[in-house]
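Trainee: Could we walk through this structure together? I would like to know what stands behind each term.

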Amino acid sequence: MTAPQVTVHANGNGNCHHPNPVFENSPTFQMACRQLLTAAEAIEIDPGILERLAHPKRAIVVSIPIEREDGHTENFVGFRVQHSLTSGPSKGGLRYHPSVDLGEVAALAMWMSWKCGIMNLPFGGAKGGIACDPAALTRSELERLTRRFTVEVLPVIGPRVDVMAPDMGTDEQTMAWIYDTYSMSVGYACPEIVTGKPVEIGGCVGRREATGRGVTYCILEALSELKIHPAEATAVVQGFGNVGSVTCQELHQRGVKVLAIGDRYGTIRDPRGIDVPALLKHVAAGKLVKDFPGAEEIPADELLTTPCTVLVPAALERVINAKNAARLRCRVLAEAANGPTTPDADDILARSDIYIIPDVVCNAGGVTVSYFEWVQDIQQLWWSETEVNVRLQELMRRAFHQVRCLALERKLTMRTAALSLGVQKIAKEKQRRGLYP
Ligand code: NAD
């Protein structure tokens with residue numbers, strides 16, 4: 001039975017068919033809905049299913065009071081949004097950043113659903129966050145914040161319900177605290193409650209590097225199609241955290257010259273190519289990227305428009321927008337961050353020859369190896385790093401080529417092709433399972 005073809009319309013704000021009053025004012029959520037509608041127009045999808053996909057299944061807002069080092073009590077606000085549980089437990093990162101809000105988290109949860117669909121993982125999408133500046137909190141404040149957040153969201157998480165992972169501002173240690181807090185509350189060790197944990201407590205070898213490695217595999221596929229040898233390519237990277245630093249390292253190892261790197265504190269450039277291993281050591285010693293000797297500091301707003309072969313945004317969303325899209329000077333845009341390009345910028349880029357590797361494919365290496373970790377924790381059976389990397393590369397290549405073939409066959413943009421694949425997979429599952437009750 002084929003679902004009827006439908007035409008759906010975004011209203012003036014780019015909201016979904018029946019806007020959700022809780023999220024509709026968020027520009028990031030509007031952006032996610034606009035993308036969903038574009039993908040829905042490219043495929044056959046039942047309007048009832050589309051209506052369900054446009055609304056996150058569950059959202060929770062929690063107060064997180066903690067004692068600061070000087071003894072006073074401060075409240076933080078935390079969020080967890082589960083977009084879909086149709087394909088399995090929901091899966092998604094936890095972000096600590098001052099600008100985190102409910103709409104942003106809901107958009108990121110929706111993108112996670114499409115990403116898991118494209119990669120054919122047995123997960124739905126989720127995302128969480130706490131509005132805070134992690135750099136302004138001590139380690140013990142971060143621990144109290146994380147543990148209290150975990151307790152507040154206990155009723156809606158679980159290894160078969162919702163599994164968290166690191167995202168911006170969180171890391172392996174954050175996951176270790178969540179694992180411990182959850183395990184203490186249920187009374188047994190439950191490593192499969194989070195992924196991206198330290199390896200010695202059930203983490204997966206290669207998980208920390210997985211997103212950056214996946215980004216690099218995609219870039220290499222695109223360069224090969226464009227017949228550009230990596231040793232002749234240059235790159236510019238925004239963000240030097242987990243994803244940005246690993247991507248720089250992997251590109252550097254393959255001979256790509258990294259011309260400029262920026263983070264929240266500053267931006268550096270070296271036309272001869274930044275010495276990435278030396279920069280990694282510099283940062284590991286607790287120093288800032290902008291203070292790296294041997295590279296000149298440049299204004300942050302020059303980073304994204306620096307001429308290069310590959311531009312890699314690996315920090316925040318909506319950094320490529322109507323204001324700067326026409327000034328990009330790259331051949332490939334590899335979206336390592338989630339949602340770095342607005343739909344308005346997409347329209348502008350569609351008139352250029354820039355090869356876009358959309359976020360839902362480009363950064364899917366992280367959730368893919370998170371899936372490997374979850375499977376290993378459940379089975380208590382450990383894979384080697386070679387096994388992890390070989391399987392990651394295989395799944396990333398397969399997804400990349402499925403998206404590329406669909407885009408060429410149906411004359412779609414890479415983004416619409418990728419989103420259509422992800423949306424279609426979940427829509428079909430919803431159709432088969434039916435509407436409860
Ligand atoms: P991170 O916290 O490790 O690093 C974030 C980096 O962004 C830091 O270098 C920070 O200084 C920089 N940054 C912050 N604000 C900035 C600004 N205004 N201008 C320039 N740089 C700024 O985070 P991460 O885990 O590397 O995540 C980066 C992006 O990748 C996010 O969009 C995240 O959602 C996405 N992502 C991460 C993973 C993962 O496995 N960690 C997986 C998929 C997608």
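Mentor: Gladly! Helix α12 (residues 385–410) is a good place to begin: its 26 residues reach 37 Å from the first C-alpha to the last, close to the 38 Å expected at 1.5 Å a residue. This is a predicted model, in which local features need pLDDT of at least 70 and side-chain atom pairs count only at pLDDT 80 or more, while totals for chains, interfaces and linings use all residues. Residues are numbered from 1 along each chain as its sequence is written, and side-chain values use heavy atoms, with hydrogens and water left out.

Trainee: What makes a stretch a helix or a strand here, and where does the expected span come from?

Mentor: Both are DSSP runs numbered from the N terminus: H or I over at least four residues for a helix, E over at least two for a strand. The expected span is 1.5 Å times one less than the number of residues. Helix α7 (residues 242–253) gives a second case: it has twelve residues and reaches 17 Å, close to the expected 16 Å.

Trainee: What follows each of these two helices?

Mentor: After α12 comes Lys 411, with a positive phi near 55°. After α7 comes Gly 255, whose phi is also positive, near 95°.

Trainee: Why is Ser 183 called buried or exposed?

Mentor: Set its value against the cut-offs: buried means under 20% relative accessible area, exposed over 50%, and partly exposed in between (1.4 Å probe, protein chains only). Ser 183 has 9% relative accessibility, so it counts as buried. Ser 183 lies in helix α5 (residues 172–186). Leaving aside neighbours within four places in sequence, Ser 183 is in contact (heavy atoms within 4.5 Å) with Tyr 188, Ala 189 and Cys 190.

Trainee: Which residues of α12 are buried, and what covers them?

Mentor: Among them are Val 388, Leu 392, Met 396, Phe 400 and Arg 404. The cover includes α3 (102–118), α6, β12, α10 (359–362), α11 (365–379) and α13 (414–433). In α7, the buried residues include Val 243, Val 246, Cys 248 and Leu 251, with α6, β6 (234–238), β7, α8 (276–284) and β10 among the elements covering the buried residues of α7.

Trainee: Why is α6 called parallel, perpendicular or oblique to α7?

Mentor: Two packed helices are described by the angle between their axes and the distance between the axes. The axes are lines fitted to C-alpha atoms, for helices over the stretch in contact, and angles run from 0 to 180 degrees between N-to-C directions. Under 35 degrees is roughly parallel, over 145 roughly antiparallel, 65 to 115 roughly perpendicular, and the rest oblique. α6 and α7 pack at about 50°, with axes 8 Å apart, which makes α6 oblique to α7. Residues making this contact include Arg 208 and Ile 219 of α6, and Asn 242 and Glu 250 of α7.

Trainee: And how do α4 and α5 pack?

Mentor: Their angle is about 45° and their axes are 9 Å apart, so α4 is oblique to α5. Leu 142 and Val 151 in α4 are among the residues that meet α5, where Trp 177 and Ile 178 take part.

Trainee: How do you know in which hand α4 passes α5?

Mentor: A crossing is left-handed if the near helix is turned anticlockwise from the far one by less than a right angle, and right-handed if clockwise. α4 passes α5 in a right-handed crossing.

Trainee: What makes β1 (58–67) and β5 edge strands?

Mentor: Two strands pair if DSSP finds at least two bridges between them. The open sheet runs β1-β2-β4-β3-β5, with mixed pairing. β1 and β5 each have a single partner strand, so one side of each is left without a neighbour in the sheet. On average, neighbouring strands of this sheet are turned by 25° against each other, direction ignored.

Trainee: How many bridges does β1 share with strand β2 (residues 73–82)?

Mentor: There are ten, in the antiparallel sense, and Ile 66 stands opposite Glu 74 in β2. Strand β3 (residues 90–97) and β5 pair in the parallel sense over five bridges, with Ala 165 in β5 as the bridge partner of Gly 93.

Trainee: Why is β5 (residues 162–166) called largely enclosed?

Mentor: Four of its five residues are buried, so the rest of the structure largely encloses β5.
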